[in-house]
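Trainee: Could we go through this model together? I would like to hear how each label is earned.
Mentor: Gladly; ask away.

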Amino acid sequence: MDQTRYAELFRTEAREHLADIDAALLSFEQSAEPAHVATLFRTMHSIKGMAGAMGYGVVEQVAHALESLLDPLRAGTRHVEPAVLALLFDGSDALRLAIDDVNAGRTDAPHRTVQALLQRLAEPLAPAAPHDLFGCVTAVGPAPVATTSLADASERATRLVAVRLTADCPLKGVRALLVLTRLQAHGAVQAVVPPQSAWQDDQFDGVFSVTLASDVDASAIEASVRAAGDVARVVVRLVEREQNRSATSDDSNQSRGPLRDTLRDPLREQMRTVRIDLRRLDTLLDLVGELVITRDRLLREADTAVEQGASRALARVAHDTARLVSALQDEVLQARMVPLGQVFDRFPRLVRDIARELGKEVHFSTEGREIELDRSLLDAIGDPIMHLLRNALDHGVEDPATRQAAGKPAVGQLVLRAGRDRASVVLQVEDDGGGIDRAAILARAQEQGVVPADVQYLDDDALLTVLAHAGFSTARAVTSISGRGVGVDVVMTRVRSLGGTLEVETLEGEGTVFTLRLPVSLAIMRALLVTVADETYALPAAHVVEVLDFAPGTIVTSLGREWISIRDEQVPVVRLRERFGMPHVDGDGYVAVIEAAGRRTAIVVDTLLAQQDIVVKSLDVARGSAPLFTGATVLGDGTPALIVDVGSLG
């Protein structure tokens, strides 16, 4: 079998199974219910089967050893003990390392941590409690195939399980092996048609049947097969003993039987989903972006041609084409949207481990898992969220004794939530800890030369600027959790590169909230095009509230800055010429009122051009430079334009 063809499927499946294991372990630690044990056992068994099919011996051994550790818990012959629970957590970490090794192509020797874990699993556990019958863990070795003696099998019902995989299943041979592994867990496999050797053939169409001796209910067998994934149809039928003998002696007749024809019937079940490589979606999005630029150019040229006497039919065709391109753009963007829950699932285990290392008790919860985000953004926000969670646990939430002395519950609250605000996704990390000590931060910042000595107070914006300063840290010693001054700095840099903003709100003694505001998609956005000193700039339309004529006489100066009155509301003024270091020019212009992070700002520009969709291109900025731009774009006439970071203008 060509393993390279199946490596990507193994990587994807293993990642999903590891997330399930982490979630089940955390639930099991809180409540030792049989359902959690069953989930852990089933997931370990699936990984073992996948690794065995791929020839990943180390992964197979670790999964089998953990499966053996879980088996007596599942059977009720041993109760949960701290030593067993700790071994399960350490074992899941070792399993992750082993999977990372094979994904990286390191299949020769196991990682040291994996070797140590295999040794621990091979050694007897401490004596169990009197009511606990299980005394040791089965020694680690090659994972055996689940089999049953013929004598036992004769007492079981014999069933024919016919399976048809989905037409778009990319690795039908490996998927069929996963189905077979699940069936082996339910009984004795007596026959497989076509034989497993045929599954490695490129011509294998994903239709096969298994004769199984099992006392498991047919509906449970069907559910187990479907849980393997990419299964279009399953039929489970009881087989008489005479028919069974005939089936095992004449595979070819069975493979051409009416049951197989039923599985082939395309009208019985319609496919609802297909698997698409993310690189294809990226390429498709790039092409759509180019279409958007060409669409705008086509509209402009068509309108110009009509003004010069060309047929209006040309303009109608151009506008129909533009409408279709817009619809295609919306569909492609929607196809890339993924629920945030896929990222949120990574963090409960992280929070649990860090809290235990710090000796703190924390209840972690998530909100807004169903909010969708572009896949490229989803992959990029994991590290910023991780840094904020680590900071909240290390610097925010107090230890139980300190919390109780302050009149708080011993268990701290840490929340990761998501929501929508206009065309942005808002992510918040909130804790109910001691808040940020502004005086201590100010003193430390002045000590390190980050803030002038005459500054007496840091508001939220100034506080964030200090915290995000490269290398700034309040920790006096470097630990495995913090102390290198790279937490908020990393978050700020990454969020800016994604076209988003970072905010902080804190109350001493009550807690802290870090807020990330990100665009829904990095690829295409609606923008208001303006000019400043004959240069074109783009303002994200989602933040533009209104546009007004500007007259210098409407400006008032107070508290050292300019303000403009808009319907009895005083709004601060930002002149883009001055902000961009261009010479000041007196005269009329326009004001674009923007709203970002809950604040309104009146931006003075020279002229307004148009409002249109633009294709966002990444923009490399010098580290430590002023956050003026979040990206760039190319307009339909080939003119480049910078995208203004409106969050930095307040």
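**Labels and the values behind them**

Mentor: Let me start with α17: eleven of its 15 residues are buried, so this helix is largely enclosed by the rest of the structure. Keep in mind that the model is a predicted one.

Trainee: Which residues of α17 are the buried ones?

Mentor: They are G382, P384, I385, H387, L388, L389, R390, N391, A392, L393 and G396. To be called buried, a residue needs a relative accessible area under 20%. For the chain as a whole, 48% of the 650 residues count as buried.

Trainee: How do you know that the span of α17 is close to the expected one?

Mentor: Helix α17 covers residues 382–396 and reaches 20 Å from its first C-alpha to its last. The expectation is 1.5 Å times one less than the number of residues, and for the 15 residues of α17 that comes to 21 Å. Setting 20 Å against 21 Å, we call the span close to the expected one.

Trainee: Now to helix pairs. Why are α4 and α5 called oblique to each other?

Mentor: The axes of α4 (residues 82–103) and α5 (residues 112–122) cross at roughly 140 degrees and come within 9 Å. Roughly antiparallel would need an angle over 145, and roughly perpendicular is 65 to 115. The angle fits neither range, and α4 and α5 are therefore oblique.

Trainee: What is the handedness of that crossing, and which residues make the contact?

Mentor: α4 passes α5 in a left-handed crossing. From α4 come L87, D90, G91, A94, L97 and A98, while α5 brings T113, V114, L117, R120 and L121. By class, the residues of this contact are seven nonpolar, two polar and two charged. Note that Gly counts as polar here.

Trainee: What makes α2 oblique to α7?

Mentor: Helix α2 (residues 34–54) packs against helix α7 (residues 172–184) at an angle of about 135 degrees, with axes 9 Å apart. Once more, the value falls between the perpendicular range, which ends at 115, and the antiparallel one, over 145. That makes α2 oblique to α7. The crossing of α2 and α7 is right-handed.

Trainee: Which residues make the contact of α2 with α7?

Mentor: On α2 they are R42, H45, S46, G49, M50, A53 and M54, and on α7 they are V174, L177, L178, T181 and R182. Six of these residues are nonpolar, four polar and two charged.

Trainee: On to the backbone. How do you know that the bond joining V193 and P194 is cis or trans?

Mentor: Look at omega: it is about -10 degrees, and the bond is cis. P194 sits in the loop between β2 (188–193) and β3 (207–214). Most peptide bonds are trans.

Trainee: What makes the phi of A533 worth noting?

Mentor: Its phi is near 55 degrees, a positive value in a residue other than glycine. Most residues other than glycine have a negative phi. D534 also has a positive phi, of about 70 degrees, and is not a glycine. A533 is in the loop between β12 (524–532) and β13 (535–540), and D534 lies in the loop between β12 and β13 too.

Trainee: Why is A533 called partly exposed, and why does D534 count as exposed?

Mentor: Exposed means over 50% relative accessible area, and partly exposed runs from 20% up to there. A533 has 25%, so it is partly exposed. D534 has 77%, so it counts as exposed.

Notes: Residues numbered from 1 in each chain as written. Predicted model: local features only at pLDDT ≥ 70, side-chain atom pairs only at ≥ 80, totals over all residues. Heavy atoms only, no water. Axes fitted to C-alpha atoms, helices over the stretch in contact; angles between N-to-C directions. Helix = DSSP H or I, 4+ residues; strand = E, 2+ residues; numbered from the N terminus. Parallel < 35°, antiparallel > 145°, perpendicular 65-115°, else oblique. Left-handed = near helix turned anticlockwise from the far one by under 90°. Contact = heavy atoms within 4.5 Å. Buried < 20%, exposed > 50% of the residue type's maximum accessible area, 1.4 Å probe, protein only.
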